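Trainee: I should like to go through the classifications one by one and hear the reasoning behind each.
Mentor: Please show the structure, and then ask.

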Amino acid sequence: SFWQVTDFHFDKTYQSPTEPGKICNSQTPNSETPTHAGKWGDYLCDSPWRLINSSVFAMKSIEPNPDFIIWTGDDMPHVPNSQLSTNEVIETVKNLTDLLSAVFPNTTVYPALGNHDYHPKHLMPPEPNFIYWAVGDLWSRWLPQDAVNTFKRGGFYTVLIKPGLRLVCLNTVYYYTNDKLTGNISDPASQFTWLDDVLTEASRINEKVFIIGHVPPGAFERAPGKKWFYPKFNKDYIAAIMKHADVITGHFLAHQHCDSFKIIYDGKASAVMNNIDPGDASVDVLAILQDQLEARSKPTLVIESTVLITINITALLGNAILCFITYRNPRLRTPTTMLIVALACTDLLTAFSVIPLTVDAVINSRRRFGDGVCRFQAFAMAIFAQISIYLMALTAFNRYLCVKKRNLYKKIFTKKRTLLLITAIWIVVLVINGFPNVLSLDDVFFCPGYLLCWRRMMSPASIYLFNAWLYGSFVISYVVIVVCYWKVFRAVEQHSVAVAPSLNQASQNTQARNHSEEVSVAKAVGSIVFSFTICWIPSEVMDTMDKINPLLLPRQVFIFATCLWFLSSAINPVIYGVMNSNFRSEYKRMFDDIFGSISPQRAISPSEGQDMSSQGNNSA
């Protein structure tokens with residue numbers, strides 16, 4: 001019998017953090033700080049000493065005399081490199097070494113290094129260094145001198161557990177994609193060559209082998225497509241395992257923080273490797289993104305901040321002006337423009353309440369607002385985004401009925417019923433998004449990639465139901481938009497071909513003007529749909545990819561998606577101001593009043609102020 005213990009991640013700052021507003025320095029980035037820090041630690045933090053000490057003594061109580069102990073690394077906390085040092089790494093390893101020695105004085109421990117057991121973390125050099133030497137000396141109480149010497153050379157070694165059973169400890173951090181010192185080396189520290197020699201000799205003298213290490217090969221089960229090793233190292237590692245499958249009895253690795261059992265097959269479907277690895281680095285994803293955010297260069301920070309500030313200002317001013325000119329000119333208050341103004345109000349709320357929080361985060365490279373504000377941003381982002389696309393779909397349906405089903409249009413899209421439809425959209429979205437909140441089915445977290453607070457459902461049923469609603473309604477709405485505008489454009493085009501030859505000069509001028517207005521409206525709204533497509537489809541694809549594999553995309557892709565989402569709130573008033581003559585005339589009148597233009601103001605004619613739906617009727 002033997003113990004495997006791993007990923008202590010000792011955090012000496014638990015209940016005495018140096019960062020304000022936290023219960024420990026290793027607290028999961030942008031998580032809600034618990035009001036009561038538990039005696040034995042908290043799920044959001046790495047391990048306090050009390051928990052580690054108790055766990056080791058519990059091992060002693062359960063199995064006091066194991067044949068040996070495997071200790072597979074990662075002793076330091078998940079904190080930025082700036083909070084650690086080489087001396088702290090060695091001190092922590094020493095404390096844990098002393099603890100295991102004191103509790104199990106008659107048991108040999110076979111330790112391995114993890115990616116957090118070096119400073120800076122992950123960057124294990126494939127050559128002798130101070131940490132290898134210092135830790136090798138600490139572990140000489142358990143390892144024979146030849147193993148210590150090999151360890152000091154590259155962080156790996158082999159020992160004979162008992163006659164017929166050998167242990168090989170590998171420094172698999174060399175193959176980890178976060179070790180940027182080894183990616184371009186064919187065989188870091190010549191470990192593959194050494195491993196082949198050891199396994200070949202073991203086969204010759206009929207020994208079986210346990211292999212231990214920290215970072216495992218293969219894929220991460222909880223993030224499909226994510227592999228810990230560089231591809232070439234993963235291939236070479238599997239090849240080595242297949243070559244010596246008759247010798248290797250088992251692998252014991254770590255890193256993933258979740259219990260996992262892996263079987264690797266050769267080409268004949270025979271099992272060649274059993275791999276037990278208690279590990280999960282998903283807790284590191286937000287920390288990785290946060291580190292990347294804080295490590296941005298000054299030019300990158302300036303560019304990202306400028307882009308988001310520009311989008312925010314454009315969305316605020318553009319949508320506010322669009323609402324103002326509609327209020328200023330009663331003739332613009334038609335059922336169609338009611339929908340347009342409703343969309344502008346939604347965009348204005350986004351620009352006023354959601355985007356500024358992201359701007360603050362991009363400037364300061366972190367979330368500065370509290371948990372309540374974070375929950376508000378996540379909720380507001382969700383409802384405003386959904387309301388926007390439903391209003392777009394309703395507007396498209398409005399245009400379709402106006403052109404193709406005139407009588408039905410007059411029944412459905414009166415001003416009163418249009419207002420009721422807009423209200424119904426708000427109520428449905430608020431209720432559906434509010435249920436998970438009221439029933440405590442969701443949680444929020446700040447994603448340093450998106451620079452947004454994000455909602456996540458907490459139970460499998462709520463995840464499936466909410467995502468089915470979210471993506472299903474998105475697809476249905478988008479289909480409605482595309483089909484309706486396609487039919488509108490086809491109807492306008494066919495009408496132009498059919499009536500042009502029969503118009504006399506006088507009626508032709510009137511019809512041409514009405515037709516031109518309808519085409520202008522169709523183009524304007526169609527352009528908004530096109531811009532919505534550009535802004536939302538790529539970002540929705542990115543969001544889906546992130547749900548499938550949160551480690552697949554770099555930080556720049558996340559913030560690009562955020563910029564696209566927010567751009568949709570800024571682009572609507574710009575398109576209306578440029579493409580629609582009614583709104584363009586009102587823009588001009590407003591700016592003439594503000595800047596005292598000497599050009600005469602022209603009142604909008606009744607024909608220009610008519611319901612855009614009437615223009616569609618004439619042309620259709």
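Trainee: Why is lysine 12 called exposed in this predicted model?
Mentor: Lysine 12 has a relative accessible area of 55%. Exposed means over 50%, so lysine 12 is classed as exposed.

Trainee: What makes glutamate 88 and lysine 12 a salt bridge?
Mentor: Their closest N and O atoms are 3.0 Å apart. The cut-off is within 4 Å, so the pair qualifies as a salt bridge. Glutamate 88 lies in helix H2, whereas lysine 12 lies in the loop between strand E1 (2–5) and helix H1 (49–62), so the pair ties together parts that are 76 residues apart in sequence.

Trainee: Is glutamate 88 buried or exposed?
Mentor: Glutamate 88 is buried: its relative accessible area is 18%, and buried means under 20%.

Trainee: How do you know that arginine 166 and glutamate 207 form a salt bridge?
Mentor: The closest N and O atoms of arginine 166 and glutamate 207 are 2.7 Å apart, which satisfies the limit of within 4 Å. Arginine 166 belongs to strand E5 (residues 165–169), and glutamate 207 to the loop between helix H5 (191–204) and strand E6 (208–212). Both count as buried, because arginine 166 has a relative accessibility of 17% and glutamate 207 one of 9%, set against a limit of under 20%.

Trainee: Which parts does the salt bridge of arginine 555 with glutamate 304 tie together?
Mentor: Arginine 555 lies in helix H16 (residues 555–579) and glutamate 304 in helix H8 (residues 298–328), so the pair ties together parts that are 251 residues apart in sequence. The closest N and O atoms of this pair are 2.8 Å apart. Arginine 555 counts as buried at 2% relative accessibility, and glutamate 304 counts as buried at 11%.

Trainee: How many salt bridges does a search of the whole structure find?
Mentor: The search finds 10. In addition to pairs, Lys94, Asp98 and Arg141 are linked in a network of salt bridges.

Trainee: Why is valine 431 called partly exposed?
Mentor: Valine 431 has 40% relative accessibility. Partly exposed covers values between the limits of 20% and 50%, so valine 431 is placed in that class. Valine 431 is in helix H13 (residues 415–438) and helps to make a nonpolar surface patch of about 570 Å², together with Ile427, Phe435, Val438, Leu439 and Leu441.

Trainee: What is the class of glycine 370?
Mentor: Glycine 370 is partly exposed, with a relative accessible area of 36%. Glycine 370 lies in the loop between helix H10 (355–364) and helix H11 (371–404).

Definitions and conventions: Residues are numbered from 1 along each chain as its sequence is written. This is a predicted model: local features need pLDDT of at least 70, side-chain atom pairs count only at pLDDT 80 or more; totals for chains, interfaces and linings use all residues. Side-chain values use heavy atoms; hydrogens and water are left out. Patches are made of residues with over 30% relative accessible area and no salt bridge: like charges are joined within 9 Å, nonpolar side chains (Val, Leu, Ile, Met, Phe, Trp, Tyr) within 5 Å. Accessible areas come from the Shrake-Rupley method with a 1.4 Å probe; for residues, only the protein chains shown count as cover. A salt bridge is a side-chain nitrogen of Lys or Arg within 4 Å of a carboxyl oxygen of Asp or Glu. Helices (H or I, at least four residues) and strands (E, at least two) are DSSP runs, numbered from the N terminus. Buried means under 20% relative accessible area, exposed over 50%, partly exposed in between (1.4 Å probe, protein chains only).
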